[in-house]
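The following report describes selected features of a protein model, with attention to its sheets, the helices that pack on them, and a few individual residues. Please keep the sequence and the structure at hand while reading.

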Amino acid sequence: MRIAIVGAGKLGLKVINALVGGDHAITVFDVNESVLNKIGQQYDVMTVAGNAKQISLLKERGIGNFDFLIACTDSDEQNIVVAAFAKKLGCSKVIARVRDPEHMNQMDFIMETMNIDHIVNPDLSITKEIYKYLVEKYTLTNGIFSSGKVSLVQFKVQKYKKLVGLSMVEVSKVLPNMLVVAISRNGKIIIPHGKTVIDDHDTLYLIGEKSEIVELHKKVHEKGKYTNLQKAMIIGGGKTGFYLAGKLAEFGIAVKLIEKSKERCYYLSTHLDDVMVLHGDATDTTLLEEENLDEMDAFVAATGFDEENLLLALIAKQRGVEDVISKVSHQSYKDLIEKMGIDMALNPLDIVASTILRYIQGSKKIIASLLIQGQAEIMEIIASNDMKLANVPLKDVDLPDGVLIAAIHRGQQVIIPNGDTKILEDDKVTIFCLLTDIGELEKLFTAKKAFL
């Protein structure tokens, strides 16, 4: 496919990295020539220096023949205008990044009026994942993913203690027809491999045939446990803090929102109902103590600074807050996060890049997908003969560490695969993938190269 990406910032680079290994001709537009030069040296893409709002530039580059345009500059208005112009000039599908809450309140009208096919919002995406973790886990009563005869269940290993200390090979002997596809450990999702050993504080994700998973679920389901979320503290009144405070307050949770900027505090207090907005610096532990951090059921660090978020999350965890979540945009911190022991660390760029990829693929390959704790994705694809992962023993497929083939639906048969298993045409394949590896996974979906 021919894909145009307007804006070579963090999100643009994330999408480029994910798409570049596929069968796509990518053109990148940006006003910064030095940034484009670096991209041109690193990736096999076409670069165009200039403002994509200029219709002449879009026409010159033949935007009418493109399959997709993704507008992801730092300006909502520019993204909306560029997407609208590209659509008018004949681009098949256009996607715009829009972040401002004022725009999000009238998103449907904007999409209809400007003829934009899809809008993505990193702040709203991360808010939804935090909300699902904090609120919906308190009300879920069933397994989290089912399709046909395949189901997936999530539970704390303490509910099935005989698994503690076992490697994945040993787990397969205790639960022979199931597979541990992911482990949540100290705020980080891990894709396990043969020698991975289960710790006593892990949360496990197991997949298997539906009837067997249902029976396991009866043993491990924590009845009535999730009923006590009453107080939450959010640090940072930016767009993520704003969206999250509103959703939690609407659910009936008592929310305290701490923000450094007095001007921003005024905006928050006039646009949020039933939220206590406090002006102050949350790195001042005296303030946190005065606002009863110890009494909070949940703590979310959502400032614009990763280091500050991690520091605050660590303080909250040390003070005994049960659910501690941090917004973290830099991949370099992922190992540090695991050692800190916070409950959940989310990268908004990973989440929104995954959303964009799923939209681009449409119904051609992905027939279902679900984000897991905002860090991994479980998806189902229909295999075709030309995919790189088809008709080859899985042990011979160069799978990234963050990708796991979890189950294969073949007719009425459910297969929990091993190294000798081959994926055949029309198989419905369940795949678990860390969002950081979605680019590598895309390459496995591409057609095999023919040698003449």
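## Two parallel sheets and two buried acidic residues

Strand β16 (residues 323–327) and strand β17 run parallel and are joined by 3 bridges. Within this pair, serine 326 stands opposite alanine 345 of β17. Helix α7 (residues 122–134) packs on the sheet, where it touches β15 (298–301), β16 and β17, and its direction makes about 170 degrees with that of β16. The model is a predicted one, and local features are described where pLDDT is at least 70.

The sheet that contains these strands is open and has 6 strands in the order β14-β13-β12-β15-β16-β17, with parallel pairing. Because β14 (275–279) and β17 (344–346) stand at the edges with a single partner strand each, one side of each is left without a neighbour in the sheet. On average, neighbouring strands of this sheet are turned by 15 degrees against each other, direction ignored.

A further open sheet, also of 6 strands with parallel pairing, follows the order β3-β2-β1-β4-β5-β6. Its edge strands are β3 (46–49) and β6 (118–120), each of which pairs on one side only. The twist from one strand to the next averages 15 degrees. Inside the sheet, strand β4 (residues 68–71) runs parallel to strand β5 (residues 93–97) and is joined to it by 4 bridges, and phenylalanine 68 stands opposite lysine 93 in β5. Helix α4 (residues 76–88) packs on this sheet, touching β1 (2–6), β4 and β5, with its direction at about 175 degrees to that of β5. Helix α15 (residues 348–361) lies across β1, β4, β5 and β6 and runs at about 165 degrees to β6.

Two acidic residues deserve a separate look. Which side chain of opposite charge is nearest to each of them, and how far away is it?

| Residue | Nearest side chain of opposite charge | Distance |
|---|---|---|
| Glutamate 380 | lysine 428 | 4.3 Å |
| Aspartate 306 | lysine 10 | 6.6 Å |

Glutamate 380, found in strand β19 (residues 376–382), is buried yet has no salt bridge. A salt bridge requires a side-chain nitrogen of Lys or Arg within 4 Å of a carboxyl oxygen of Asp or Glu, and the 4.3 Å that separates glutamate 380 from lysine 428 is therefore outside this cut-off. The side chain of glutamate 380 does, however, make a polar contact with the side chain of threonine 430, at 3.3 Å.

Aspartate 306 lies in helix α13 (residues 306–318) and is likewise buried without a salt bridge. A polar atom of the aspartate 306 side chain lies 3.0 Å from the backbone nitrogen of serine 329. When residues up to four places away in sequence are not counted, aspartate 306 touches Lys327, Val328, Ser329, His330 and Tyr333.

The remaining notes concern two helices towards the start of the numbering. Helix α1 (residues 10–19) is largely enclosed by the rest of the structure, because 7 of its 10 residues are buried; these are Leu11, Gly12, Lys14, Val15, Ile16, Ala18 and Leu19. Valine 35, which lies in helix α2 (residues 33–42), counts as partly exposed because its relative accessibility is 26%. The C-alpha atom of valine 35 is separated by 46 Å from that of asparagine 292, a residue 257 residues apart from valine 35 along the chain.

Methods: Residues numbered from 1 in each chain as written. Predicted model: local features only at pLDDT ≥ 70, side-chain atom pairs only at ≥ 80, totals over all residues. Heavy atoms only, no water. Pairing = 2+ DSSP bridges. Axes fitted to C-alpha atoms, helices over the stretch in contact; angles between N-to-C directions. Contact = heavy atoms within 4.5 Å. Buried < 20%, exposed > 50% of the residue type's maximum accessible area, 1.4 Å probe, protein only. Lys, Arg positive; Asp, Glu negative; His and termini not counted. Polar contact = N/O pair within 3.5 Å; in protein donor to acceptor, adjacent residues only side chain to side chain.
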